[in-house]
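Could you walk me through this structure in my viewer, one selection at a time? I would like to know what to click on next and what I will find there.

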Amino acid sequence: ERERLTRLRHKPAVTLDGERVELLANIELPGDGVAALAGGAEGVGLFRSEFLFMNRDGALPDEEEQYQAYRDAVTIMQGLPVTIRTVDIGSDKPLDRMSVHELRHEHTLNPAMGLRAIRWSLSDPAMFEVQLRAILRAASHGPVRLLVPMLTHLSEIRATFDALRRVRAQLMRESIPHGSVEIGAMVEVPAAALTMPIFLRYFDFVSIGTNDLIQYTLAIDRAEEAVAHLYDPWHPAVLRLIADTISQAHAAGKGISVCGEMAGDIEFTELLLGLGLRSFSMHPAQIPAIKQRILRSDSKRLRAYAAAVMSSDEPRSVGKDVSVAGAKVD
Ligand code: PEP
Ligand code: MG
């Protein structure tokens with residue numbers, strides 16, 4: 001069994017009809033890169049940088065601490081791309097109670113819709129610049145992509161690029177080594193999916209965060225037990241937003257990945273392949289199972305399956321039938 005997994009690790013993910021699929025890892029701390037490589041990841045599709053900011057007393061990580069963490073991730077990944085997401089603090093990922101920044105959240109009634117992620121970063125430009133500096137500096141050690149969470153408004157897109165321009169100018173002025181980065185947006189809010197043409201004009205790539213996209217599309221708190229049964233990735237509205245985002249990114253010639261839980265769930269592998277997705281980012285432990293599913297898939301057949309799913313009132317039931325049929329292919 002171990003031998004089989006080792007062989008699988010070095011095997012590229014290719015469908016039966018020869019479509020190459022990129023499998024990336026989601027990590028929380030630089031050291032997780034070791035598990036990512038062991039799982040056969042071809043890079044990091046989502047480094048959740050907020051884990052450097054959580055569970056600590058007092059001060060947030062300064063530029064040097066962040067730089068070292070991002071550089072460590074880049075070094076561990078040995079030349080494979082590392083996608084670093086700027087902090088996604090707030091909502092289900094609160095700061096430690098001791099932090100002064102926590103005070104800003106004390107009276108928040110609805111944290112998922114409050115000051116989180118890019119909103120939080122842009123509320124304190126000096127703090128945001130510290131993170132951007134650290135990321136650009138780490139990019140001098142290997143390929144880095146920068147990913148921005150929860151973007152909704154054009155003004156936020158512009159403010160993000162303004163901050164990047166300022167930071168690049170500072171680093172140049174100070175003669176501090178830094179690298180160039182591809183810049184991507186997470187698609188986590190329906191407003192972003194519905195205004196893809198705007199996003200695609202600004203960004204090099206987009207990555208769909210299905211965990212939040214489902215939450216905000218269906219108005220279901222992703223952490224609320226009482227409504228967990230209504231948190232449904234198969235909801236036609238969710239699937240429509242995902243399908244349209246993928247096809248618009250393709251039409252624009254931009255990179256498109258899914259980094260939410262759906263990417264690592266074999267229940268959705270065939271559907272995402274059928275919708276044309278060729279880049280999946282997931283927990284390292286999921287990679288072998290997803291790869292096996294891809295190796296047994298015929299992308300042409302799955303296109304027809306995806307079309308049937310998209311035109312069904314009950315997409316989940318189409319899913320079951322066609323999975324069984326798909327399994328017979330090999
Ligand atoms: C997502 O929302 O799908 C995502 C990948 O981000 P997070 O789970 O960290 O909010
Ligand atoms: Mg998210």
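Start by selecting Asp-212, which sits in helix H9. This is a predicted model, so keep that in mind at each stop. Is Asp-212 buried or exposed? Asp-212 has 23 other C-beta atoms within 10 Å and is therefore buried, the threshold for that label being 20 or more.

Now add Glu-188 to the selection. The UniProt annotation "binding site", from an unreviewed entry, covers Glu-188 and Asp-212. These two positions span 25 residues in sequence, but their C-alpha atoms are no more than 5.2 Å apart, so they gather at one spot. Glu-188 belongs to the loop that runs between strand S6 (182-187) and helix H7 (190-194). Glu-188 counts as buried because 28 C-beta neighbours lie inside 10 Å. Which residues does Glu-188 contact, once neighbours within four places in sequence are set aside? The contacts are Pro-149, Met-150, Gly-209, Asp-212, Leu-213 and Tyr-216, so Asp-212 turns up again here as a direct partner of Glu-188.

**Ligand 1 and its shell**

Next, show ligand 1 and the residues around it: Leu-46, Arg-48, Asp-88, Glu-188, Gly-209, Thr-210, Asn-211, Asp-212, Cys-259 and Gly-260. Two elements give two or more residues to this shell, strand S3 (44-48) and helix H9 (210-218). Helix H9 has the largest share, with three residues. If you colour the shell by residue class, you will see two nonpolar, four polar and four charged residues.

**A second annotated group**

Keep the ligand on screen and select Arg-48, Arg-85, Asn-211, Asp-212 and Arg-222. UniProt, again in an unreviewed entry, lists these five under "binding site".

Zoom in on Arg-48, found in strand S3. Arg-48 counts as buried, with 20 C-beta neighbours inside 10 Å. Beyond residues up to four places away in sequence, Arg-48 touches Glu-28, Arg-85 and Asp-88.

Then move to Asn-211, in helix H9. Asn-211 counts as partly exposed, with 17 C-beta neighbours inside 10 Å. Apart from neighbours within four places in sequence, Asn-211 is in contact with Arg-222, Gly-260 and Glu-261.

**Strands S3 and S4**

Now display S3 together with S4 (82-85). The two strands run parallel and are joined by three bridges. To find one of the pairings, pick Val-44: its bridge partner in S4 is Val-82.

Turn the view so that you can look at S4 from either side. In a regular strand the side chains alternate between the two faces of the sheet. In S4, Val-82 and Ile-84 lie on one side, Thr-83 and Arg-85 lie on the other, and all four are buried, which leaves both faces covered.

**Helix H2**

Select residues 32-39, helix H2. Which residues of H2 are buried? They are Asp-32, Gly-33, Ala-36 and Gly-39. Look down the axis of H2 and you will find these buried residues within an arc of 120°, so they line one face of the helix. An α-helix has 3.6 residues a turn, so residues three or four places apart point the same way. The buried residues of H2 pack against strand S2 (20-27), S3, helix H3 (63-76) and helix H12 (287-295). Just after H2, click on Gly-40, which takes a positive phi of about 95°.

**Two loop stops**

Go to Ala-112, in the loop between strand S4 and helix H4 (117-122). Ala-112 is partly exposed, with 17 other C-beta atoms within 10 Å. Draw a distance from its C-alpha atom to that of Ala-223: the two residues are 111 apart along the chain, and the separation is 9.9 Å. Not counting residues up to four places away in sequence, Ala-112 touches Ser-91, Gln-215 and Asp-221.

Finish at Ser-140, in the loop between helix H5 (125-138) and strand S5 (144-148). Ser-140 is partly exposed, with 16 other C-beta atoms within 10 Å. With neighbours within four places in sequence left aside, Ser-140 is in contact with Pro-177, His-178 and Gly-179. One last distance to draw runs from Ser-140 to Arg-71: they are 69 residues apart along the chain, with C-alpha atoms separated by 8.7 Å.

Conventions: Residues are numbered from 1 along each chain as its sequence is written. Chains are lettered from A and ligands numbered from 1 in the order in which they are written. This is a predicted model: local features need pLDDT of at least 70, side-chain atom pairs count only at pLDDT 80 or more; totals for chains, interfaces and linings use all residues. A residue is near a molecule or strand if its C-beta atom, placed from the backbone, lies within 6 Å of it. Ala, Val, Leu, Ile, Met, Phe, Trp, Tyr, Cys and Pro count as nonpolar, Asp, Glu, Lys and Arg as charged, and the others, Gly among them, as polar. UniProt positions are given in the numbering used here, feature names are shortened, and annotations may be inferred rather than shown by experiment. A residue is buried if 20 or more other C-beta atoms lie within 10 Å of its own, exposed if 12 or fewer, and partly exposed in between; C-beta atoms are placed from the backbone. Two residues are in contact if their C-beta atoms, placed from the backbone, lie within 7 Å. The arc is that of the directions from the helix axis to the C-beta atoms. Two strands pair if DSSP finds at least two bridges between them.
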